[in-house]
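Work through the exercises below with the model in view. Try each task before reading its solution.

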Amino acid sequence: MKENLSLLSPLDFIPADIHCAADYESLAARFIPAPGLEYIAGGSGQDKTLAANRRAFDQWFICPRLLPDLGDAHTRLGLLGREFAHPIFLAPVAYQKLAHPAGEIETARAASVMQSCMILSTLASQSLEEIAAIGTEEKWFQLYFQPNIEATLDLIRRAEAANYRALVVTLDATIRTPSLGALRSQFQMPADCVAVNLQDYEINSPRVLAAGESRIFKGIMQDAPTWADLQWLINQTHLPVIVKGVLHPDDALRIKKLGAAAVVVSNHGGRSFDGAMASLNCLAAIRAILGDEYPVLFDGGIRSGLDIFKAIALGADAVLIGRLQVYALSVAGALGVAHMLKLLREELELCMAQAGCANLQAIRNCRVEKVSI
Ligand SMILES: Cc1cc2nc3c(=O)[nH]c(=O)nc-3n(C[C@H](O)[C@H](O)[C@H](O)COP(=O)(O)O)c2cc1C
């Protein structure tokens, strides 16, 4: 309670003590009430995968090149038939009103100004139509399969009608290890922070289990999406379907063969299966099996431009920023998110200059080494 009394409202300026993108993480505690921060910052279970995501980055080092010619260097990339100014996108993050009273509206403004692609969560606290109307930059819609197929189909049609350019279907969160941190801090979603895009859909009543039946297998998993559902989704829409939450190369290959447009190598920022591998450690094998041309995105643990450089070196075309986005949002709204993106891009460019990489392809060819620490 004492903690909450000292909380600040989002500022309309950048605090002088932000020197790098990661500084937003340390500052967020002054802007987000403690249980909410626990929900955002925490992982699932005992945070083993959350910690592994960060540790994985620290194991990689880069071999720099001397006297590079960087006069025409740039961070542009072509992806799904579009040109992007840089590879730093905003991951789907639910319930952003937890971090700022205007939530996703501020994030969308920042994405537009900074030429970043925003991926709006199914569980956004602002409507998908309202967010689509902000700015001109490309936006994608993140889809969770709903227990009721009519609701899933309606979300797809609404995203198409609102001009989202791709559907990012998240498949790694059907069943999650509960977050012990959020449980212990007795976190409850505030009444004004709801998944407004789902409000009009009917909720199926919970399955009644017979005595001795598994709550997991006969309960929660009965509504889980299947490979057939993924194929159904790809057939339902003219939009490219991107599958988020891929860690195993065989799954990645199967997804490519089904006709998905891209994969996101991700473990949900350590928020789903506590015990899953660090997403960075899954990247190279997935790139190898999918080939050089197939679009591979990545997230999990990125806190700096150096991390982005390493993810690209290990096979990512572009990266998604999760928690840093919400932290920056809590500190200074759209201005904070825009500033965080600017810092990340400059940090990436700094690494490119030091490593002698004139473009993202050169990063992919850069020599990196894994050491045990
Ligand atoms: C508070 C919070 C809410 C999230 N909500 C969603 C969501 O609605 N859909 C989704 O696919 N991923 C969601 N994620 C996962 C992110 O998209 C992303 O995979 C993860 O945050 C990346 O790790 P990072 O936070 O270390 O950057 C959420 C993450 C956080 C921290």
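A residue counts as buried if 20 or more other C-beta atoms lie within 10 Å of its own. The model used here is predicted.

**Exercise 1. State how many residues of strand β6 are buried, and sort them by face.**

Step 1. Locate the strand: β6 spans residues 139–143.
Step 2. Apply the cut-off. Five of its five residues are buried, so β6 is mostly covered, given that 20 or more other C-beta atoms within 10 Å make a residue buried.
Step 3. Sort by side. Lys139, Phe141 and Leu143 lie on one side. Trp140 and Gln142 lie on the other. Both faces are covered.

**Exercise 2. Find the strands joined to β6 and trace the path from β6 to β7.**

Step 1. Take β5, residues 118–120. Three bridges join β5 to β6, and the two run parallel. Methionine 118 has lysine 139 of β6 as its bridge partner.
Step 2. Take β7, residues 167–170. Three bridges join β6 to β7, again running parallel. Phenylalanine 141 has leucine 167 of β7 as its bridge partner.
Step 3. Follow the chain. From β6 it passes through helix α7 (residues 149–161) to β7. This β-α-β crossover is right-handed.

**Exercise 3. Name the buried residues of helix α3 and the helices they pack against.**

Step 1. Helix α3 covers residues 34–41. Its buried residues are Gly36, Leu37, Tyr39, Ile40 and Ala41.
Step 2. These buried residues pack against α8 (180–184) and α14.

**Exercise 4. Is leucine 350 buried, exposed or partly exposed?**

Step 1. Place the residue: leucine 350 is found in helix α14, residues 323–355.
Step 2. Count its surroundings. Leucine 350 has 14 other C-beta atoms within 10 Å, so it is partly exposed.
Step 3. Check a distant part of the sequence. Leucine 306 is 44 residues away along the chain, and the two C-alpha atoms are separated by 8.5 Å.

**Exercise 5. Describe the shell around the ligand.**

Step 1. The ligand is surrounded by 22 residues. The closest are Ala91, Ser121, Thr170, Gly269 and Gly322.
Step 2. Split the shell by class: eight nonpolar, 10 polar and four charged residues.

**Exercise 6. Judge how compact the protein chain is.**

Step 1. List its elements: 15 helices and 12 strands.
Step 2. Compare radii. The radius of gyration is 20 Å, close to the 21 Å that the globule rule gives for 373 residues, so the chain is as compact as a globular protein of that length.
Step 3. Add the burial figure: 48% of the 373 residues count as buried.

How values were computed: Residues numbered from 1 in each chain as written. Predicted model: local features only at pLDDT ≥ 70, side-chain atom pairs only at ≥ 80, totals over all residues. Helix = DSSP H or I, 4+ residues; strand = E, 2+ residues; numbered from the N terminus. Buried ≥ 20, exposed ≤ 12 C-beta atoms within 10 Å, placed from the backbone. Rg over C-alpha atoms; globule rule 2.2 N^0.38 Å. Contact = placed C-beta atoms within 7 Å. Near = placed C-beta within 6 Å. Nonpolar A, V, L, I, M, F, W, Y, C, P; charged D, E, K, R; others polar. Pairing = 2+ DSSP bridges. Right-handed = clockwise from strand over helix to strand, strands pointing away.
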